[in-house]
Amino acid sequence: MAIKVEHEVHGRRKNRNYGVLMLLIGFVGIVFGLTVVKVLQLGDARQFETFDHVARPQIVPEEGTE
Amino acid sequence: MSDISAQDSNYEANMGDYFALLKPRVMSLVVFTALVGLLVAPLPVHPFIGFVSILCIAVGAGASGALNMWWDADIDQLMKRTATRPIPSGRVEPGEALGIGLALSGFAVILLALATNFLAAFLLAFTIFFYAVVYSMFLKRATPQNIVIGGAAGAFPPMIGWAVATGGISIESILMFALIFMWTPPHFWALALFVKSDYGNAGVPMLTETHGRDATRRHVLIYTILLVPVALGLGITSIGGPIYMAVAVVMNAWFLKGAFDIYRRDDAACEADKHKVEIGVFKVSLYYLFAHFCALLLEAALRQYGLGGW
């Protein structure tokens, strides 16, 4: 037997459910957009890698190489 | 849903009902003044960060509106103007409004802090606290000066916009705050003079009812006089300029004349011409604020081309 979900509450709440969906998509879009803008504003590409707050000795330029 | 509700028990609140909790009309003024505060600031803001900031300020203002409706549901149902709001009409449960108000406040403040800076987020949090707690819970039912002090909540948005761009507070943002703060009482009392209110039924003290209409007329004039130096003072700061000053002089003269006309009238004159002067002054007060902020925007736009400003 095919699974069918047809309760009248789904019809009544359709508007609300779509509204919540749109809000969640909007929120994800905002967080993603902010991330892109903030990272690009760092300017120096090397900072992209250091942005994870973890010490990464391999990306620190050795003395005398720059 | 409780059995005394006006709605049938099968009613499901839709998104429009929840949106109405956020007081969209108040939000539009908040968005406009916050946007001007952000755009006239001397430091540019990335358009997307600017958009998110304005959205946060609007949502924060909306959240405080939802908290206000939650707290005031008991008196809202007693007044004709507010009886159709989502909670008194039974479309939204009080608990839902409280939850939405608190959740949106938290989201708006934290997102603004992450997107811009902590000062802007703090100012937004303080605005929400001021409107929902200081104004709604304490001032509104306690003193006829509620609208004077409570007006501060509506005056913060341009200051927040400025803080988003500059990360600070300066004389310009303080004067933009003061302009709206001083403008609110005469604007509101001009309205109170011609709208038949039922605040008395709800036990909310309004100046027209506690001190009478003559006292209210006197207050309109006094507050309008106090407003003038603030409006003109803003014109000599870095965001002012000749265009702003010209607009300010004309609009202040217009508003002052209206306030003086109101002051000279009595109830008989008001009844005779159906509050024509009061309605006129109320409209002027709307143009007044809009014109001042548009002039600031124009000065900022011209400054990019080496024009505008002093």
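# Close-up views of chains A and B

**View 1. Chain A in the predicted model.** In this predicted model, chain A has a mean pLDDT of 79, with 68% of its residues at 70 or more. Three helices and zero strands make up its secondary structure, in the order α-α-α along the sequence. Among the elements of chain A, helix H2 (residues 14-40) has the highest mean pLDDT, 93, and helix H3 (residues 45-50) the lowest, 65. Where pLDDT is low, the coordinates should not be read in detail. Of the 66 residues in chain A, 0% are buried.

**View 2. The annotated transmembrane region of chain A.** An unreviewed UniProt entry lists residues 20-40 of chain A as "transmembrane region". In the model, residues 20-40 of chain A are 100% helix and 0% strand. The end C-alpha atoms of this span are 30 Å apart.

**View 3. Contact between chain B and chain A.** Eight residues of chain B are in contact with 10 residues of chain A. On the chain B side, helix H3 (residues 47-71) of chain B provides the largest share, three residues. By type, the chain B side divides into five nonpolar residues, two polar and one charged.

**View 4. Annotated transmembrane regions of chain B.** For chain B, the unreviewed UniProt entry gives "transmembrane region" at residues 26-43, 49-71, 92-112, 118-138, 220-237, 243-263 and 284-302. Two of these spans are described here. Residues 118-138 of chain B are 100% helix and 0% strand, with end C-alpha atoms 27 Å apart. Residues 284-302 of chain B are also 100% helix and 0% strand, and their end C-alpha atoms lie 26 Å apart.

**View 5. The two domains of chain B.** Chain B is divided into domain 1 (16-168) and domain 2 (170-310). Taken over C-alpha atoms, the centres of the two domains of chain B are 22 Å apart. Between them, 25 residues of domain 1 are in contact with 26 residues of domain 2. Helix H2 (24-40) and helix H7 (146-166) of chain B each supply at least two residues of the domain 1 side. H7(B) gives the most to that side, with 10 residues. The domain 1 side consists of 16 nonpolar, six polar and three charged residues.

**View 6. Helix H12 of chain B.** Helix H12 (residues 242-264) of chain B has 23 residues, which should span 33 Å at 1.5 Å a residue; the end C-alpha atoms are 33 Å apart, in agreement. Buried residues of H12(B) are Tyr244(B), Val247(B), Ala248(B), Met251(B), Asn252(B), Phe255(B), Gly258(B), Ala259(B) and Ile262(B). An α-helix has 3.6 residues a turn, so residues three or four places apart point the same way. The cover over the buried residues of H12(B) includes helix H8 (171-194), helix H11 (212-235) and helix H14 (276-303) of chain B.

**View 7. Helix H14 of chain B.** From its first C-alpha to its last, the 28-residue H14(B) reaches 40 Å, close to the 40 Å expected at 1.5 Å a residue. Its buried residues are Glu278(B), Val281(B), Phe282(B), Ser285(B), Tyr288(B), Leu289(B), His292(B), Phe293(B), Ala295(B), Leu296(B) and Glu299(B). Among the elements covering these buried residues are H2, H8, H11, H12 and H13 of chain B.

**View 8. Surroundings of Leu296(B).** Leu296(B) is found in helix H14 of chain B. Leu296(B) is buried because 30 other C-beta atoms lie within 10 Å, where 20 or more suffice. Not counting residues up to four places away in sequence, Leu296(B) touches Val36(B), Val40(B), Ile239(B) and Tyr244(B). Tyr244(B) is itself one of the buried residues of H12(B). Leu296(B) and Ile110(B), 186 residues apart in sequence, are 29 Å apart in space, C-alpha to C-alpha.

**View 9. Two lysines of chain B with positive phi.** Most residues other than glycine have a negative phi. Lys23(B) has a positive phi, near 50°, and is placed in the loop between helix H1 (15-20) and H2 of chain B. Lys274(B) also has a positive phi, of about 55°; its place is in the loop between helix H13 (267-272) and H14 of chain B. Lys23(B) is partly exposed, with 18 other C-beta atoms within 10 Å, whereas Lys274(B) is exposed, with 9.

Conventions
Residues are numbered from 1 along each chain as its sequence is written. Chains are lettered from A and ligands numbered from 1 in the order in which they are written. This is a predicted model: local features need pLDDT of at least 70, side-chain atom pairs count only at pLDDT 80 or more; totals for chains, interfaces and linings use all residues. Two residues are in contact if their C-beta atoms, placed from the backbone, lie within 7 Å. Helices (H or I, at least four residues) and strands (E, at least two) are DSSP runs, numbered from the N terminus. Ala, Val, Leu, Ile, Met, Phe, Trp, Tyr, Cys and Pro count as nonpolar, Asp, Glu, Lys and Arg as charged, and the others, Gly among them, as polar. UniProt positions are given in the numbering used here, feature names are shortened, and annotations may be inferred rather than shown by experiment. The expected span of a helix is 1.5 Å times one less than its number of residues. A residue is buried if 20 or more other C-beta atoms lie within 10 Å of its own, exposed if 12 or fewer, and partly exposed in between; C-beta atoms are placed from the backbone. Domain bounds come from an automatic or database domain assignment. pLDDT is the predictor's confidence in each residue, from 0 to 100.
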